Amino acid sequence: MSASGHERASRHVTGDALYVHDLAVRDPATLHAWPVQSVHAHARVTAIDGGDALRMPGVRALLTARDVPGAKTIGPVRHDEPLFPDEVCYHGQPVAWVLADGESQARAAAARVRVAYEVLPAVLSIQAAIAADSFLTEPQAIVAGDPDAALGAASHRLAGELHVGGQEHFYLEMQCAWVHRDATGGFVVHSSTQHPAETQATVAHVLDVPAHRVVCESLRMGGAFGGKESQANLFAAIAALGCHVTGRPVVVRLDRRRDMTITGKRHPFFARYEVGFDGDGRLQALVVELCSDGGYSLDLSNAILGRALFHIDNCYRVPHLRVRGRVARTHLPSNTAMRGFGGPQAMVVVEEVVDRVARTLGLPPEVVRQRNFYRPGDRTHYGQQVRDAERIDRIWRELLATSDYASRRAAIDAWNTAHPHAKRGLAITPVKFGISFTTTALNQAGALVLVYRDGSVQVNHGGTEMGQGLHSKVLAIAVRTLGVAPQQVRMMPTRTDKVPNTSATAASSGSDLNGEAVRRACDELRGRLLPVAAAMLGCADDEVGITDGVVRGGGRELPFAEVVERAYQQRSPLFATGYYATPGIHFDAAAGRGEPFRYFAWGAAVAEVEVDGFTGAHRLRAVDILHDVGDSLAPAIDRGQIEGGFLQGMGWLTCEQVVFGADGALRSRGASTYKLPGVGECPPRFVVNMLSRATEPGAVFGSKAVGEPPLMLAIAVREALRDAVAAFGGGGPVALACPSVPETVFWAIQAVRRAPAATAAAADDQRPRSCR
């Protein structure tokens, strides 16, 4: 099944697509909110004086804790995020909000609010949190076999550490929410949120009203990447509170600097590991300790750490494995979901381990990787059978052949010999990513499909559109199931009064969950229409076919609308709900055993880079990808997701660097100080293919999730950089910081030149001074 492209592409490219702020500014009564931000990373608020601000023209209110009628703390799991903190816990945390007739007035007034603080000691790094015993969670662990005994018996052992950096979401549309009252006094929330049901619940709790008094709509988002899964709730709550206090519509829209300083990011991780292996590079035992930086509050950090524990194996069978993790509490913004949700950080760690094993033994890393792949019948360290394990070996062999890996390897070796001051590197890395929410209850979705008498159709579902093409895929599912033409179907904005109690559009599950719910609703409607059509056509039900809005059977045909009208006259319901709950998934956290994933998405990438020995600057020369998307619902959209995910992952690993100062203030707080990958970083050769013969039984029309898995394909770029750095020395392991920005690549080159047999213990010296 295919779709031509994004169902709202023309609106996006012409500027006709509306976003939350576009809706808000249509109403001249709308007030604009602006935050008063803390200038300390950790301090007690002793006084707030808004007198000067309130006397300024156009200023209507200063929101503080005394204005909140209901819950004064929010949070997706643990309500530990104060709307108006008595104790600020990160630099830039909002302590009050100004409401004014215009944004510029609100901004000017916020600068006039005087806040007095009692400064307190701050914890600003994972290492400091470990030293201070500052944690948000108790340890989680998964154990398979007897790792300690296997390490003791291994013929070879290595130990090391790795810091993995965070990442800014940098969505194009910043956080935004607009709230107004409806004709009955209820609250209508327009939010740039991935999780309308949770936003609805948060607003209801803050206002102390039942959920049915709040309707949350997500028309569309200008990007999200996980950053609007839980963190959109604060801004919706402030807008709703302002609406409650003033009786006027209120919009909260952050600019880039406020967005970057207030919201959390991808979690940085610190890993310690010890691995035992044999002379052929086969992994026998692995022990890993993970610590993530959760920031000041829990948010989704516990689940993110859990996914990291699940993905510490990537594609590799390790018979004896222990992975343990904990979330550190620091005085930094609360880190949150981001594409991959902890999986990418863990996979970087295990690829570091496998590369060290290979280079220690003098073996090609691609050979050692393949030797350790899961095989049919294997189980993961948490006990789930690795179904379709043969796919990674097939992907690997096909990609080695289609990328011409062997001859390129020989050509690069020859090129490197002739160029002492620049080196090229080549690497291939695999991906295995589990698909489902790891919180089992979230794996459900609903839909409401309405057929009108003229044959037109409205489709409602609980998923949100953030540019990823979910509505386009769901549209294609509805068209295929009902047999109508695409122009007969309208995708409706996601609203909590149409489909309640929805899960976030996250975990790469949007199409799996919502698409199947819509398919079931459409299938029910089709089942009601077929007997009506058969009677009209004079044939049996099973002889009726519906395609492109035309109903055929018995040698005759009718417009779809005529059959719908006849069904109406016969009092057949022309609406249906659909519901889907992912079957067969479960996990016992205490035992560390279960089957948390419906299936695995597989893939592999080959990357070729060139590195300048004088500066550490590098460029990506070529990328070849082979990825498993099952039977694609929309090949053009899936290709875009693979390409975009890869480039976002490459940015995280090679150029994006989140930097906080010694005072806890974010230094990388805009595009001028935070380096994003752009068109210039795209390789001249960028080949993307989707695995053939890859139907996923039980998923909607045999398709597979494609949102998150491609991001981890970019690990190939990091490993290609390592390969290039190694060429400056005499072989052996290469310690490479993460992210591998030019500065850290330069210091890695210096290390291998000084000591060709440099060990990973030198990694700490190669980290940028700002990351210490």
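**Figure 1. In this close-up, L470, K473, V474, I477, A478, T481 and L482 of helix α15 meet G510, S511, G515, V518, R519, C522, D523, L525 and R526 of helix α16.** Meeting here means contact, that is, heavy atoms within 4.5 Å. Helices (H or I, at least four residues) and strands (E, at least two) are DSSP runs, numbered from the N terminus. The model is a predicted one: local features need pLDDT of at least 70, side-chain atom pairs count only at pLDDT 80 or more, and totals for chains, interfaces and linings use all residues. Residues are numbered from 1 along each chain as its sequence is written, and side-chain values use heavy atoms, with hydrogens and water left out. Helix α15 spans residues 470-482 and helix α16 residues 510-537; their axes lie 9 Å apart and make an angle of about 25°. Axes are lines fitted to C-alpha atoms, for helices over the stretch in contact, and angles run from 0 to 180 degrees between N-to-C directions. The two helices are therefore roughly parallel to each other, a label for angles under 35 degrees (over 145 is roughly antiparallel, 65 to 115 roughly perpendicular, and the rest oblique). Their crossing is right-handed: the near helix is turned clockwise from the far one by less than a right angle, whereas an anticlockwise turn would be left-handed.

**Figure 2. Helix α11 (residues 343-361) crosses helix α19 (residues 715-727) at roughly 30°, with axes that come within 11 Å.** That makes α11 roughly parallel to α19. This crossing of α11 and α19 is right-handed. From α11, the residues M347, V348, E351, E352, D355 and R359 meet I715, R718, E719, R722, D723 and A726 of α19.

**Figure 3. Thirteen is the number to keep in mind for this view: a search of the whole structure finds 13 aromatic pairs.** One of them joins W97 and F235, edge-to-face, at 6.4 Å centre to centre and with 75° between the planes. W97 lies in strand β7 (residues 94-100) and F235 in helix α8 (residues 232-246), so the pair ties together parts that are 138 residues apart in sequence. Rings of Phe, Tyr and Trp (its six-membered ring) pair if their centres lie within 6.5 Å; planes under 30 degrees apart count as stacked, over 60 as edge-to-face and the rest as tilted. W97, at 0% relative accessibility, is buried, and F235 is buried too, with a relative accessible area of 1%. Buried means under 20% relative accessible area, exposed over 50%, and partly exposed in between (1.4 Å probe, protein chains only). Elsewhere, F310, Y382, F587, F597, F600 and W602 form one aromatic cluster.

**Figure 4. Two arginines sit over aromatic rings, R266 over W652 and R326 over F135.** The charged end of R266 is 4.8 Å from the centre of the W652 ring. R326 lies over the face of F135 at 4.0 Å from the ring centre. A charge sits over a ring if NZ of Lys or CZ of Arg is within 6 Å of the ring centre and within 35 degrees of the ring normal.

**Figure 5. Helix α10 (residues 301-310) is mostly covered, with eight of its 10 residues buried.** The buried residues are S301, I304, L305, G306, R307, A308, L309 and F310. F310 also belongs to the aromatic cluster of the third figure.

**Figure 6. L399 takes its place in helix α13 (residues 390-402).** L399 is buried, with a relative accessible area of 2%. Not counting residues up to four places away in sequence, L399 touches I428, A604, A605, V606, D624, I625 and L626. For contrast, A418 in helix α14 (residues 405-418) is exposed, with a relative accessible area of 56%.

**Figure 7. Some backbone details deserve a look in the loops.** Most residues other than glycine have a negative phi, and most peptide bonds are trans. The peptide bond from C738 to P739 is cis, with omega near 15°, and P739 lies in the loop between α19 and α20 (742-754). F225 is not a glycine, yet has a positive phi of about 60°; F225 lies in the loop between β13 (214-218) and α8 and is partly exposed, at a relative accessible area of 30%. S436 is not a glycine either, and has a positive phi of about 155°. S436 lies in the loop between β18 (422-435) and β19 (444-451) and counts as buried, at 3% relative accessibility.
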